[in-house]
Amino acid sequence: MKKWILFGLLVLAASAVVADEDTEEPEGPVEAPVCDPEACKLPSCRCSTTQIPGGLAARDIPQLVTVTFDDAVNVINIVNYRRMLFNRRNSNGCPAGATFYVSHEYTNYQAVNELYNNGFEIALHSITHQTPQSYWANATYETLVKEFAEQKSLIAHFANIPYESIKGLRMPFLQMAGDATFKMMANHNLLYDCSWPTITQTDPGLWPYTLDYKSTQPCIVPPCPTSSIPGPWVFPLVAWSDLQNFPCSFVDACFSTPDRNDENGWYEFILTNFERHYKGNRAPFGFFVHEAFLAAYPAVSNALIRFLDMVNSLNDAFMVTSEEVIEWVKNPVTVSEYRQQSCRRYTPTVCRPTSCGPLTAEATGNVYWMQICNVCPRVYPWINNPLGQ
Ligand code: ZN
């Protein structure tokens with residue numbers, strides 16, 4: 001029996017080598033060693049741990065808060081994004097940040113351009129976002145290149161934003177795809193993945209880390225990466241606790257919550273979860289949500305606005321993009337140093353609004369209209385043809 005397993009592994013290894021030549025995918029799976037903090041040093045390497053970066057004390061560091069929204073950006077949800085996020089400032093005078101994990105289908109790229117040009121971060125959430133979820137669990141390196149690396153070109157092109165400004169990704173359904181995602185990221189200049197929930201390392205919370213060494217993070221939605229893959233960062237989703245202390249990674253997935261029409265109850269609920277971080281090790285606090293949930297429950301939306309107003313009034317808490325969280329972890333500084341730093345910068349771009357359609361997606365036959373900042377594509381962009389040429 002053992003011999004057959006060994007033989008199988010050898011065949012697998014051999015086919016991995018062949019695949020390498022075709023795709024330039026790095027070497028096949030070799031289990032990453034246990035992290036050695038002496039060898040793994042910032043800014044490019046960090047063990048997966050709840051210890052505060054740079055050996056700083058919790059009371060001395062900024063509490064970073066990152067609000068993220070998933071899925072298509074359209075003319076309806078942009079109204080809420082403007083109302084909740086635009087013209088908001090942190091106590092250091094810098095514009096508040098938020099990150100949008102954008103999926104392609106039905107996305108309005110004029111609205112994406114507007115989010116980018118108001119200082120928000122645009123990140124990847126795949127071209128197809130297709131079901132079943134097993135498509136993502138089994139996604140190969142090549143599939144992930146088509147879904148994410150090529151989505152970077154698609155968004156940069158149609159929203160007319162800088163290609164290099166897109167640095168992060170989130171897998172649909174938070175479904176991990178093992179090593180393949182991170183190998184694709186390492187080869188396509190993607191900085192971080194924000195898809196891996198932790199329900200055990202929440203108090204104190206797990207900080208972002210790299211995959212040079214073995215992760216200590218339990219795998220909730222397998223397969224998770226196991227190889228040593230230097231370069232990309234894991235931005236863990238530190239779970240919230242609902243009213244019965246069950247974990248939830250997304251706010252809209254919390255089961256036992258205050259009544260969704262109870263604004264005060266929700267404000268307290270958000271605050272309780274925030275304080276676990278703020279009064280703990282100050283691991284980044286995530287408010288991960290879908291806009292549709294906020295649109296459906298105005299009381300929750302108002303509670304979030306009140307919470308963000310509160311954060312913006314604190315001298316040691318800052319609402320930032322996910323990328324800024326990773327940048328702070330790479331170069332950790334105290335609150336007073338942080339307050340002296342310049343605000344995040346972006347290269348402003350213009351949008352020449354163009355409406356395109358009807359456009360057929362050749363792979364599915366579906367017909368779409370598309371609002372973009374560029375010249376119209378021939379067909380609806382999709383995987384294998386991200387620019388719709
Ligand atoms: Zn999604």
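Contact here means heavy atoms within 4.5 Å, and with that cut-off the surroundings of one helix in this predicted model can be described. What covers the buried residues of helix 2 includes three helices and strands from early and late in the numbering, namely strand 1 (63-70), strand 2 (99-102), helix 3 (109-117), helix 8 (291-296), helix 9 (298-313) and strand 13 (317-319). The residues that are covered in this way, within the run 77-85, are Asn77, Ile78, Asn80, Tyr81, Met84 and Leu85, which are buried. They lie on the same side of helix 2, because the arc that they cover around the axis is only 155 degrees. After helix 2 comes Asn87, a residue with a positive phi, near 60 degrees.

Helix 2 also takes part in a charged pair. Side chains of opposite charge can pair when their charged atoms come close. In the salt bridge between Glu114 and Arg82, the N to O distance is 2.6 Å, and the pair links distant parts of the chain, since Glu114 belongs to helix 3 and Arg82 to helix 2, 32 residues apart. Both ends are partly exposed, Glu114 with a relative accessibility of 22% and Arg82 with a relative accessible area of 36%.

A further link of this kind involves helix 9, which is among the elements that cover helix 2. Glu263 and Arg306 form a salt bridge in which the closest N and O atoms are 3.0 Å apart, and this pair likewise links distant parts of the chain, with Glu263 in helix 7 (residues 263-278) and Arg306 in helix 9, 43 residues apart. Glu263 is partly exposed at a relative accessible area of 25%, and Arg306 is partly exposed at 30%. In the salt bridge of Lys41 with Glu38, the closest N and O atoms are 4.0 Å apart; here Lys41 is partly exposed, with a relative accessible area of 47%, whereas Glu38 counts as exposed at 61%. Across the whole structure, the search finds eleven salt bridges.

The covalent links between cysteines come next, and their count is seven disulfides. One of them joins Cys35 and Cys47, with sulfur atoms 2.0 Å apart, and the torsion about its S-S bond is about -75 degrees, so this disulfide is left-handed. Both cysteines lie in the loop between helix 1 (2-23) and strand 1, so the pair ties together parts that are twelve residues apart in sequence. Cys47 counts as buried, at 13% relative accessibility. Another disulfide joins Cys40 to Cys45, again with an S to S distance of 2.0 Å; this link is left-handed, with -105 degrees about the S-S bond, and both of its cysteines are buried.

Farther along the chain, Cys351 is joined to Cys373 by a disulfide with an S to S distance of 2.0 Å, and its torsion of about -90 degrees makes the link left-handed. Cys351 lies in the loop between helix 11 (335-340) and strand 14 (354-360), while Cys373 lies in the segment after strand 15 (367-372), so the pair ties together parts that are 22 residues apart in sequence. The two ends are set apart by their accessibility, with Cys351 partly exposed at 25% and Cys373 buried at 6%.

Cys194, by contrast, has its closest cysteine sulfur in Cys224 at 14 Å, which is too far for a bond. Cys194 counts as buried, at 0% relative accessibility.

Conventions. Residues numbered from 1 in each chain as written. Predicted model: local features only at pLDDT ≥ 70, side-chain atom pairs only at ≥ 80, totals over all residues. Heavy atoms only, no water. Buried < 20%, exposed > 50% of the residue type's maximum accessible area, 1.4 Å probe, protein only. Helix = DSSP H or I, 4+ residues; strand = E, 2+ residues; numbered from the N terminus. Arc of directions from axis to C-beta. Salt bridge = Lys/Arg side-chain N within 4 Å of Asp/Glu carboxyl O. Disulfide = S-S within 2.5 Å.
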